[in-house]
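Please open the model in your viewer and keep the selection panel at hand. The tour below moves from one selection to the next and says what is to be found at each stop.

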Amino acid sequence: MSIWWSLHLRREAASVPLARRLLIGTMESAGVDPDISYDISVALSEACANAVEHGGDTDRGKPTEAYRVTAYLDGEKCRIEVTDSGPGFPSGRSRAPVRPAHSDAEHGRGLGLIQELADHVHIGSSVRGGAVVSFDKILKWREGTPLLAT
């Protein structure tokens with residue numbers, strides 16, 4: 001089974017739970033194990049929150065109003081990609097630095113959390129500008145699921 005969807009969302013806090021609910025609903029309908037669904041949805045929420053907070057002004061000083069979320073459930077893997085059209089990461093860096101944050105910090109823990117919850121993570125800048133956060137998770141299925149990956 002293969003499922004694919006893409007959302008073009010406004011850079012507003014209300015878009016984060018919308019993306020998360022759509023992903024959870026998709027995985028629940030497909031029969032993905034709830035623990036795996038939860039991990040992926042938390043990682044998605046963190047990536048979306050970063051796009052909302054940091055995907056703002058471009059290098060040219062123009063504000064950007066949107067970001068994109070794309071999800072693929074294909075075979076035994078889920079891949080999520082969140083792309084904004086802000087300035088991306090500092091020039092000359094293709095990969096964002098991920099620094100550990102203090103456990104009581106309110107900010108700065110998102111990228112590290114994504115790395116903890118996903119099996120494979122890529123964090124970098126798009127060639128067209130903007131940040132790209134993509135991550136994969138191997139899926140487990142609920143027992144008796146009629147739509148098992150084949």
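Begin with tyrosine 72, which in this predicted model is partly exposed, because its relative accessible area is 36% and the partly exposed class lies between 20% and 50%. Now add tryptophan 4 to the selection: the two residues form an aromatic pair of the tilted kind, with 6.2 Å from centre to centre and 45° between the planes. Tryptophan 4 itself counts as exposed, since its relative accessibility is 54%. If you trace the chain between the two partners, you will find that the pair links distant parts of it, with tryptophan 4 in strand S1 and tyrosine 72 in strand S2, 68 residues apart. There is no second such pair to look for, as a search of the whole structure finds one.

Next, turn to the interior and select Ile40, Leu44, Tyr67, Ile80, Val82 and Phe135, which, among the 35 residues of the largest nonpolar core, touch the most other members. Colouring by element then shows where the core comes from: two or more residues are given by each of the strands S1 (2–10), S2 (66–74), S3 (77–84), S4 (120–125) and S5 (131–138), and by each of the helices H1 (15–30), H2 (34–54) and H3 (110–117). The contribution of H2, at nine residues, is the greatest. As a general background to this view, nonpolar side chains in soluble globular proteins tend to be buried together.

Stay with helix H3 and select Gly110, Leu111, Ile114 and Leu117, which are its buried residues. Looking down the axis of H3, you will see these residues fall within an arc of 130°, so that they line one face of the helix. Their packing partners are H2, S4 and S5. Within this group, pick out glycine 110, which belongs to H3 and counts as buried because its relative accessibility is 9%. A distance drawn from its C-alpha to that of asparagine 50 comes to 7.5 Å, although the two residues are 60 apart in sequence.

For the last stop, select aspartate 136 in strand S5. Is this residue buried or exposed? Aspartate 136 is buried, because its relative accessible area is 8%, under the 20% cut-off. Then display what surrounds it: once neighbours within four places in sequence are set aside, aspartate 136 is in contact with Lys77, Cys78 and Arg79, and also with Ala118, Asp119 and His120.

How values were computed: Residues are numbered from 1 along each chain as its sequence is written. This is a predicted model: local features need pLDDT of at least 70, side-chain atom pairs count only at pLDDT 80 or more; totals for chains, interfaces and linings use all residues. Side-chain values use heavy atoms; hydrogens and water are left out. A nonpolar core is a set of buried Ala, Val, Leu, Ile, Met, Phe, Trp, Tyr and Cys residues joined through side-chain atoms within 4.5 Å. Buried means under 20% relative accessible area, exposed over 50%, partly exposed in between (1.4 Å probe, protein chains only). Helices (H or I, at least four residues) and strands (E, at least two) are DSSP runs, numbered from the N terminus. The arc is that of the directions from the helix axis to the C-beta atoms. Contact means heavy atoms within 4.5 Å. Rings of Phe, Tyr and Trp (its six-membered ring) pair if their centres lie within 6.5 Å; planes under 30 degrees apart count as stacked, over 60 as edge-to-face and the rest as tilted.
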